[in-house]
Amino acid sequence: MEKLLLLGDEAFAQGAIDAGVSGAYGYPGTPSTEIIMYFQKNKEAIEKDIHRVWSCNEKTAMETALGMSYAGKRAIVTMKHVGVNVAADGFVNSALTGANGGLIVAVGDDPSMHSSQCEQDSRFYAKFSLLPLLEPSNQQEAYDMAFYGFELSEKFELPVMVRFPTRLAHSRAGIERREKRLEFNKISLPEDKTRFVLLPLIARKRYKLLLEKQEALVEVSENSPYNVYTDGKDKSMGIIACGLTYNYLMENYPDGCPYPVLKISQYPLPKKHIQKMFSECESVLVLEEGQPLVEEQLRGFLDNGKLIKGRMDGTLPRDGELNPDHVGKALGLKIEEGMNIPNSIVPRPPAFCLGCPHSDSFNALKVIIEKYGKGHVFSDIGCYTMGVLPPYNAIDTCVCMGAAITLAKGAADAGLFPSIAVIGDSTFSHSGMTGLLDCVNENTNMVIIILDNETTAMTGGQNSSGLGKLEAICESMGVNPEHIRVCTPLKKNHDELVKIYKEEIDYQGISVIIPRRECVQTMTRRNKNLLNTKSSEGNTTAETGGK
């Protein structure tokens, strides 16, 4: 077997290459930077043409990697701990969309703040997102966990976080490469065509599915080869050593630890192992790099033998809002309940306003995508998300603000054609521009449709920051002016819109289409205010006799 001397970061990168990753996305930040750097200089990564270009920020990296996963290929995204704050919108929501191709989020944490402004512990993000987390204790595990992480991700259809503290990321040790390397996944779109569209109705169902997976994730953790319980003769104390801290422990006991030791490198916590330790040992010492996440959980779910009731044991529902009836049931009170709403009563679905410009834009887009089938249109958050509904059935994803462009880019990087992003003018100004810059830097073969209704319509008609500037923004960011197409979405212009969409899909590179027509709601209010103003001025003139 081939042996290499690598940093922890490099060992993970090599593992990902050997495990068939198709794309590595990230933004540089110590101690995670060397992961992407290894990809950029690695001969095999270059020969295999693995995507390995830095992203504009952690948010675009996270969402682009999710887009590659959507297309069925394996992807990793790298960042440092504070970068998870930037990527949090896409990261947390990815727990609901899930992963299609294996997706690993590799995070470098920096205890002692060697090169950071805080000691934030990324494990908390995995915990409250209800996602599995791996924490290698050495460089060999960092390599192996790339294989294991993709396997885990594809088995449960969830992203997996892998955490590297500074001392592991930047220390070097020998690793053995596996003889059996994995091939790239082929493009394969999700079987459930709605799972990436996080409208509330779909998101609530996805959250229930996420909750249903938790018991199985704990079971896998309890049987994980990375969570190992070693018995000891001295039961006066048990020791839980998380990730890298296991090495610190064993350096103190080169001949073997006399106490029972539970090495934890996979989360959720293996509760059976912990309960065994608590039942046999007089006390427990918790060793963990970073904040006391494990220690807090131990105090929570064990609580010195006291029964704790609430959402975790089913006394209260785990999802949704509470109400007085829920509380009454938890208190053991008799609750009078009305009849359940029959399934035959279906709530009225939302719909575009009569005269909405987006309906004309989607009618034209629908004609185009019929040729290619489902799975090619990535939407953003706004009233245009209703394009997922009949009669349009025109979009396939909606994850978080700005993610339309980055998911579409990731899918395009995976080889999906055509890849089309649909984003509103206000959302583009909010968080779409950085994704466009990534596309321009690589001249990604995709189309971005900026639906410009000249307002922030869904939240009440506030002015958009990009009002009147969209063409200039796109051109200044490097989009070829010949492929910045502005059109007016009206029924009479339907054929023209179809023609423009087709021409830009056929163009090999990044293009932007801007269908522009004012929102009918803001136009109605504006005209009404104008009439009221004129009426008021007329009354004033009449009262003063005019001039």
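Which residues does Ile 448 touch, leaving out those up to four places away in sequence? They are Ile 405, Ala 421, Ile 423, Leu 436, Ile 510, Ser 511, Val 512 and Ile 513, with contact taken as heavy atoms within 4.5 Å. Keep in mind that this is a predicted model, where local features need pLDDT of at least 70 and side-chain atom pairs count only at pLDDT 80 or more, while totals for chains, interfaces and linings use all residues. Residues are numbered from 1 along each chain as its sequence is written, and side-chain values use heavy atoms, with hydrogens and water left out.

**Nonpolar cores**
- The largest nonpolar core (buried Ala, Val, Leu, Ile, Met, Phe, Trp, Tyr and Cys residues joined through side-chain atoms within 4.5 Å; buried is under 20% relative accessible area with a 1.4 Å probe, protein chains only) has 145 residues.
- Phe 12, Phe 39, Ile 76, Phe 362, Leu 436 and Ile 448 touch the most other members.
- Helix 7 (residues 139-156) gives this core its largest share, nine residues; helices are DSSP runs of H or I, at least four residues, and strands are E runs of at least two, numbered from the N terminus.
- Another core lies apart from it, with six residues, including Ala 241 and Cys 257.

**Strands 16 and 17**
- Strand 16 (residues 484-487) and strand 17 (residues 510-515) run parallel, joined by four bridges; pairing takes at least two DSSP bridges.
- Val 486 has Ile 514 of strand 17 as its bridge partner.

Terms used
Buried < 20%, exposed > 50% of the residue type's maximum accessible area, 1.4 Å probe, protein only.
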